[in-house]
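Here are two short exercises on how parts of a protein model pack together. Have the viewer open and work through each one before reading its solution.

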Amino acid sequence: MMLDVIDISKSFGGLSVLGNVGFGLKSGQIKGVIGPNGAGKTTLFNIITGVYRPDSGQVHLYTNESRLSLHCMRPHRIAREGVGRTFQKPSIVWQLTVFENALLGAMNQHRRQPVCGRKKLKEWTEYCLEAVSIDPQMWHSEASKVPIAVIKKIEFARAIALAPTLVLFDEICSGLSRMETDELTALIMAYREKEGVSVLFVEHDLRAVKNVCDEVVVIDFGRVIFDGGIHDAFKDPKVIEAYIGEERA
Amino acid sequence: MKANRAIKAKGVFINRNRYMLLILLAGFMLCLCPPFLNTYQVKFLSFLLINILIACSWNLIGGFCNYFSFGHGVFFGIGAYAFAIAWVRFGIYFYLSLILGGIMSAGVALLMSPILRLKGLNFALATLALLEAVRIIFQKWGFTRGLKGFDAGWKFPMTLSDQHFFYLIVLVFILMQISLVGFMASRYGFASAAFKEDELMARGIGINTTVCKILAFILSAFWAGVTGAIYAPMITYISTQSIFGINWSIKPIVVSIFGGIGSLLGPIIGGIILNAIDHFLWERFLEYHTLIYGILLIAIVLFLPKGFMDYKDRLTRLFQKKKPYRPIVDLD
């Protein structure tokens, strides 16, 4: 087990967003987290990355050496321990170049080798940008002037610049065309093959989920209603009910 | 060549070496000036530089980190008072007292750093309240010669000539710019571009935003304190009314906005132009000069909302023919 989410509950004011959510993620696995709007997927991500503290429950990250309790760590510590993430709303620094945006992530990388010295840092950033196949001609154009597909790739590059063991994608395919989605999912799978990272993948595009994920967790109204293989998920009556509605007799 | 830009500059907006060279050159030129100027002009230049110094220090926290402080005068004032108490009451060596002024300010900034949790308007209000609170403490406290209500203030003996003060200010100016560029070119300065845009994102990619902000705040307060400490003996008399007035908090904001927030050169250029306008108007239209000054300010901010550093963009937009839209990548 790589990531262990145990009985997470979270409520905002009187509104319970997550109730006793628990699942596991194996090393090198890609797991989809799906569910209707407002099911609590982004809240779950925010708890795993330390933005919110859970009301109860625990999140453990297992690395080679040790077990980390993510539920009581601060976000930047979690990121430095090797949890990269992308954001639902594209959030990059628009007045910086593509390269500099990736550099922002790369300079906080402490895991692989200490990337100190400008030459090493530059090489590492270039490696990350190549891994997400951004055209080198575009590296030094301002981020506000590149298309949305490249913006998503920048977020991807910035996440993997932390040399993560776990990457969380929060609706990275939203706003992309079918072709661009396919390219991005192929990149994610290729990166997984190469680096052996685990991936949590929140997405509304079910086609992309089917392409990428080995397993899937379905969340509805803050509760896990399904956890298992991707092909069984869409045969499960509870999942169908959550997505399409109950069949009228 | 171009590929190396990001790493070489690493500081976000400017090439570090070129900027340092520019500052050293400017400082050198300024040092050559005094023999050719009369006392009044030297004094005018000193006041101009003081304005620039405090604006630059404000720009670090207000411009680069997006924390609009309306109480930057606090650090200026604490610097001035710490200098006064150290030099006049305890007889500490002059230059050491100057640095002590800066250190006291930085210390207060460190103590006050929890207010950096507030954002936007709340932060502005908190700093304004801080200014009032510190002013009242200094007014009522015997140690600072507040004498319960009416101000005794501090008088300084004339020890240094105007020219001497001028050289001192130029030296501080150069040191300050070097430290600012150094900070902005470091990973903390680079990170400030990220948390200015989106703090959640910055923390999510491993930036310790708290440390970055506190460092910027302390550095900003330190230089404001040193500026205050020099200003105090230069005008030979300080009191809480003159030092902790809202004036010293508003001035750096106006100068920075005018020159261009969040650029290293912005406050310098803004300070020069604003002081020049102010001086010119004061000479010609003594009675109405504040009125005309105000109207000019409004007009300039109206036409250059991003500050004077934006003039290139504006001018090119005015005089250039509209280019046809050219997509950056071919989509086929």
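**Exercise 1: a helix pair in chain B**

In this predicted model, helix 13 of chain B makes a right-handed crossing as it passes helix 14 of chain B.

Task: find the angle and the axis distance for helix 13 and helix 14 of chain B, then work out which residues make the contact.

Solution, step by step:

1. Select residues 266-284 for helix 13 of chain B and residues 289-303 for helix 14 of chain B.
2. The two pack at an angle of about 145°, and their axes are 9 Å apart.
3. For the contact, call two residues touching if their C-beta atoms, placed from the backbone, lie within 7 Å. Helix 13 of chain B then contributes B:Ile277, B:Asp278, B:Leu281 and B:Trp282. From helix 14 of chain B come B:His289, B:Ile292, B:Tyr293 and B:Leu296.
4. Sort that contact by class: six residues are nonpolar, one is polar and one is charged.

**Exercise 2: two domains in chain A**

Task: describe how domain 1 and domain 2 of chain A meet, and say which helix gives the most to the domain 1 side.

Solution, step by step:

1. Start with the bounds: the domain assignment puts 1-82 + 165-249 in domain 1 of chain A and 91-163 in domain 2.
2. Their C-alpha centres lie 24 Å apart.
3. Now the contacts: eleven residues of domain 1 of chain A touch 15 residues of domain 2 of chain A.
4. On the domain 1 side, helix 2 (75-80) and helix 6 (178-195) of chain A each give two or more residues. Helix 6 of chain A gives the most, with four.
5. By class, that domain 1 side has seven nonpolar, two polar and two charged residues.

Conventions
Residues are numbered from 1 along each chain as its sequence is written. Chains are lettered from A and ligands numbered from 1 in the order in which they are written. This is a predicted model: local features need pLDDT of at least 70, side-chain atom pairs count only at pLDDT 80 or more; totals for chains, interfaces and linings use all residues. Domain bounds come from an automatic or database domain assignment. Ala, Val, Leu, Ile, Met, Phe, Trp, Tyr, Cys and Pro count as nonpolar, Asp, Glu, Lys and Arg as charged, and the others, Gly among them, as polar. Axes are lines fitted to C-alpha atoms, for helices over the stretch in contact, and angles run from 0 to 180 degrees between N-to-C directions. A crossing is left-handed if the near helix is turned anticlockwise from the far one by less than a right angle, and right-handed if clockwise.
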